[in-house]
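Me: I have a structure open and should like to go through it with you. May I put some short questions as we go?

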Amino acid sequence: MVACRAIGILSRFSAFRILRSRGYICRNFTGSSALLTRTHINYGVKGDVAVVRINSPNSKVNTLSKELHSEFTEVMNEIWASDQIRSAVLISSKPGCFIAGADINMLSACKTLQEVTQLSQEAQRILEKLEKSPKPVVAAINGSCLGGGLEVGVPAALDMMLTGRNIRADRAKKMGLVDQLVEPLGPGLKPPEERTMEYLEEVAITFAKGLADKKISPKRNKGLVEKLTAYAMTIPFVRQQVYKKVEEKVRKQTKGLYPAPLKIIDVVKTGIEQGSDAGYLSESQKFGELVMTKESKALMGLYHGQVLCKKNKFGAPQKDVKHLAILGAGLMGAGIAQVSVDKGLKTILKDATLTGLDRGQQQVFKGLNDKVKKKALTSFERDSIFSNLTGQLDYQGFEKADMVIEAVFEDLSLKHRVLKEVEAVIPDHCIFASNTSALPISEIAAVSKRPEKVIGMHYFSPVDKMQLLEIITTEKTSRDTSASAVAVGLKQGKVIIVVKDGPGFYTTRCLAPMMSEVIRILQEGVDPKKLDSLTTSFGFPVGAATLVDEVGVDVAKHVAEDLGKVFGERFGGGNPELLTQMVSKGFLGRKSGKGFYIYQEGVKRKDLNSDMDSILASLKLPPKSEVSSDEDIQFRLVTRFVNEAVMCLQEGILATPAEGDIGAVFGLGFPPCLGGPFRFVDLYGAQTIVDRLKKYEAAYGKQFTPCQ
Amino acid sequence: MTTILTCPFKKLPTTSKWALRFAVQTKTKKTLAKPNIRNVVVVDGVRTPFLLSGTSYKDLMPHDLARAALTGLLHRTSVPKEVVDYIIFGTVIQEVKTSNVAREAALGAGFSDKTPAHTVTMACISANQAMTTGVGLIASGQCDVIVAGGVELMSDIPIRHSRKMRKLMLDLNKAKSMGQRLSLISKFRLNFLAPELPAVAEFSTSETMGHSADRLAAAFAVSRLEQDEYALRSHSLAKKAQDEGLLSDVVPFRVPGKDTVTKDNGIRPSSLEQMAKLKPAFIKPYGTVTAANSSFLTDGASAMLIMAEEKALAMGYKPKAYLRDFMYVSQDPKDQLLLGPTYATPKVLEKAGLTMNDIDAFEFHEAFSGQILANFKAMDSDWFAENYMGRKTKVGLPPLEKFNNWGGSLSLGHPFGATGCRLVMAAANRLRKEGGQYGLVAACAAGGQGHAMIVEAYPK
């Protein structure tokens, strides 16, 4: 471990996300002939330092694939064998990416546990050799270095392995993961990215030389705390306590739904207690087991889906959206503004009242300021980003807008009014997007002079946290309008699904029957806390009752009424009267401070709203004991969701099941370990689910009738 | 004033070898005087010796230093105090007690209390701003006689209480009852006492200037050795100029309670071996900017008498130089913080209708060796000119034999607010001494700004 020194580089937000594959020019190299035959790795020698360059062909990122692996082994063996070479530098030829992790395609291709175990063992062997390398090896990392890449680059730390979180370079330095930071350079005699890579290499070479000449000591200075921890970890009792604590914490966070973290703890335990060989063996076996689990398949499926939903299938729009206008400075409108201004979009936020506008602007500012507090932004960057926002009460400046997103109250006549008002002031090319969760876009577009420019952009609250954007196209929406909307969404950092118009589109439509079931379950006397724990233990990030509070009871009521009218009995179940009564008492959920729970500023603990008891009592239903076990309750919720999702695919609202999975997981919090409704059906078997539905159909009727 | 403008060389038969040789030797323009615009001249300029901060000036206040420069100027030029229309000084780190240091210094130096004064700030080009403000006032006919200068005292900087402590103290001031006072005092925490230091860092990027200079040097692949060599050149030339008595703008300053200071004390020619031993000062451990190849924190003040030409002549002065076209530029404060001279030089030359070859004396502000060399490389690069300056071809290198021949900020010192006047006087004095006609002054400044000005020698 000690010989692996790492030099990390601060990845700057804008400069290093742009991944341009620029051919690297190897100059001053007394290169080897193997340079031409290898596709993933090549190396050259500068003085007595070997520079090993990693470059997965035809890819934006380097991944740990079989080919890379074997070439890397080859190259390292040559380096270890050569007399001229005294040290080595590992560097990527791709600006912004060292190694992003294991090649998921490679893992998906593995059919058996043994195959994966073997792959993992091969990887371990080379990593172990790297660790014990007789010649110093410096990893020069520019940009992302995740998963296995981290193992190549830097000795792994426990916390990193567990949560897989991304660590900024300066923090990595503080954590002792890397030894030196190189800051990105500005323009010089070459493009900045290119020169930064060169500079990184130059610095890494001087380090490698220094290590080989023993001018630089590879020992890190350990702080007092680190020394104490190291000492404490030698006492078996303390170790047992640490394992216990970590395990407890992990169990609490994952609710036992994700097997990987616990296995990692096992492996680390084995490694420490029984020596590294046993640890390695156990690691490769456990890795093999993990790759073969349903959870792993589900998550890999999501990964592929997400990659798909990060592309613009409509191609580049004719005109880039530079000026954006948002109508309505409510939670949604301000949220959309927040994710737009920090991407450099000039944004107008318009509201009808000064108080509404103030609140919205304050929301945007607070979002940015929280980032300053977390040191993700400087106060100066915050101010300059905030200057992209103009708050106003009139339509001034709309003549320059390239896109208008309305986020006014969910009321068709109001939406019609603003659409007409806006169309009177915007230029011809300007797109009108409606952020509605349930109103059909074609009905909104009915009063438009230019329906081809009207589209639905359904954001999820809170906009800055929820990754999904559901884009709804009508029959008349033009392809360029769609391309523009997707381009804006991608710029805002969203994962995008494009669906056809229809009541509730995809996401709301799936959620509605489930919500109806939530109401029925509450009516049957299950208390909201119990319901929440049942849903979260199934894998939903937010409990069902809390979700209603978060979305807003009035919104839920609107949706339930609207969709109930269209879909009739299938969306029945719970009595919407519950929501109506809540709204009339002002229990609108978090935004009004009371819903199923009571919300107070600065108080984390949630107490049940005791005033709900009388409402629930007045609407009480007798529970049916044959379908009211905990598991049944969970499945009643999930199967209604899944059933409706499949219906959407059947009716062509959804184009692909992959988008359906992404929409459900990223927008509605469908359990990621299940991979989304469609993956869930695949993994658990369509028949099992149909059987379940039939059982509930027998108890409740049509709402559970399985679709074809 | 307009008659001497027309330059006859275009009409010369271009086939003649003699004419060609003549054209090479002569200037693109005979003078930079413009029709219907008043000529602005420098009568003379002086400065206190520039000292390392924390040495002989350490007990002074900024206006003391500025006053010394002003009295020095009065003595040198014998200008009657009452003819001065206006006084402008540049400064960067302000002493809060004398925020308009120009006024305090002028009153103390015995200027008429009827002469208004104001202070400007524009980082390292504050004195340049003071001069060009004066040029504008004269050219527009508002004033005839201006004193422009600058001052910086890095020996004493305003270290403040923390914001929390300041707030507590201000609230205490307003508290009416004992109860209110006690409740405020109960909010006091020990960490309130942590002081706030002014940093030589960009507010917008929080990056210190040295750090940025190191990155700039790396971006242009300027080596440590090149930087040390350039710094050594600056110190050697400054030493030579000092020994030969060329630094005639320096006026002795009798520091109250101390000895008289007669010369700059930061000039220390060393050897490359000695310099190579120093560790990087900003990017550790592999950076290239060290204490030896950076300008040091300096105390000093400068002042200059600027007049409309006809006024100077009427008063019987023999001016030293004309102040001609000038240019301010600004660019990205993060990655191009110190590239001001590269951007400003071609613009001011084009504005004046001159070329690089017309310039006889270059006086560039040396913030860091790495910064000067990075500017050289940028000026010598077609790629940089095309991609960042919107030019078809490179700016071109200033010839080193005409460049900062009497030392520069690296060796003479760099009192932020005062350096601009030193640059102009160095250019003017060099032109007189070396017999040149045009001088080019250029400087970079915090905030990613830059400045350049053409100085034209006054005909003898």
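Me: What does UniProt place at residues 317-456 of chain B?
Reply: The UniProt record, an unreviewed entry, assigns the feature "domain: Thiolase C-terminal" to that span of chain B. Please note that the coordinates are those of a predicted model.

Me: How much of that span is helix and how much strand?
Reply: Residues 317-456 of chain B are 36% helix and 23% strand. The C-alpha atoms at the two ends of the span are 17 Å apart.

Me: And which feature does the record give for residues 40-310 of chain B?
Reply: For those residues UniProt gives "domain: Thiolase N-terminal", again from an unreviewed entry. In the model this span is 35% helix and 16% strand, with its end C-alpha atoms 9 Å apart.

Me: Let us look at one residue. Where is B:Asn404?
Reply: B:Asn404 sits in the loop of chain B that runs between helix 13 (382-388) and helix 14 (409-412).

Me: Why does B:Asn404 count as buried?
Reply: Because its relative accessibility is 0%, and the cut-off for buried is under 20%.

Me: What does the side chain of B:Asn404 make polar contact with?
Reply: One partner is the side chain of B:Glu366, at 2.9 Å. In addition, a polar atom of the B:Asn404 side chain lies 2.8 Å from the backbone nitrogen of B:Phe364.

Me: Which residues is B:Asn404 in contact with, leaving aside neighbours within four places in sequence?
Reply: They are B:Tyr230, B:Arg233, B:Leu237, B:Phe362, B:Glu363, B:Phe364, B:Glu366 and B:Arg430.

Me: Now the interface. How many residues does each chain bring to the contact?
Reply: Chain A brings 20 residues and chain B brings 19 residues. The area buried between the two chains is about 1800 Å², with carbon and sulfur atoms giving 61% of this.

Me: Which residues of chain A lose the most area to chain B?
Reply: A:Pro187, A:Leu189 and A:Phe380 do, and together they account for 33% of what the chain A side buries.

Me: How many salt bridges and polar contacts are there between chain A and chain B?
Reply: The rule finds zero salt bridges across this interface. Two residue pairs are in polar contact, both at pLDDT 80 or more.

Me: Which elements of chain A supply the side that touches chain B?
Reply: Strand 8 (180-182) and helix 9 (192-212) of chain A each supply at least two residues. Helix 9 gives the largest share, five residues. By type, that side of chain A comprises 12 nonpolar, four polar and four charged residues.

Me: Turning to chain A as a whole, what is its secondary structure?
Reply: Chain A has 30 helices and 18 strands. Of its 708 residues, 52% are buried. Considering contacts between residues at least 6 apart in sequence, 73% join residues at least 24 apart.

Me: Which residues of helix 22 of chain A are buried?
Reply: In helix 22 (residues 528-538), the buried residues are A:Pro528, A:Leu531, A:Asp532, A:Leu534, A:Thr535, A:Thr536 and A:Phe538.

Me: What do they pack against?
Reply: The buried residues of helix 22 pack against helix 21 (507-523), helix 23 (544-551) and helix 27 (630-650) of chain A, and against strand 17 (597-598) and strand 18 (607-608).

Me: Lastly, what is found at the start of helix 22, and what follows this helix?
Reply: At the start, a side-chain oxygen of A:Asp527 comes to within 2.8 Å of the backbone nitrogen of A:Lys529. After the helix comes A:Gly539, with a positive phi near 125°.

How values were computed. Residues are numbered from 1 along each chain as its sequence is written. Chains are lettered from A and ligands numbered from 1 in the order in which they are written. This is a predicted model: local features need pLDDT of at least 70, side-chain atom pairs count only at pLDDT 80 or more; totals for chains, interfaces and linings use all residues. Side-chain values use heavy atoms; hydrogens and water are left out. Contact means heavy atoms within 4.5 Å. Buried area is the accessible area (1.4 Å probe) that two parts lose on being put together, summed over both. A salt bridge is a side-chain nitrogen of Lys or Arg within 4 Å of a carboxyl oxygen of Asp or Glu. A polar contact is a pair of N or O atoms within 3.5 Å; within protein, one must be able to donate a hydrogen and the other to accept it, and residues adjacent in sequence count only if both atoms are side-chain atoms. Helices (H or I, at least four residues) and strands (E, at least two) are DSSP runs, numbered from the N terminus. Ala, Val, Leu, Ile, Met, Phe, Trp, Tyr, Cys and Pro count as nonpolar, Asp, Glu, Lys and Arg as charged, and the others, Gly among them, as polar. Buried means under 20% relative accessible area, exposed over 50%, partly exposed in between (1.4 Å probe, protein chains only). UniProt positions are given in the numbering used here, feature names are shortened, and annotations may be inferred rather than shown by experiment.
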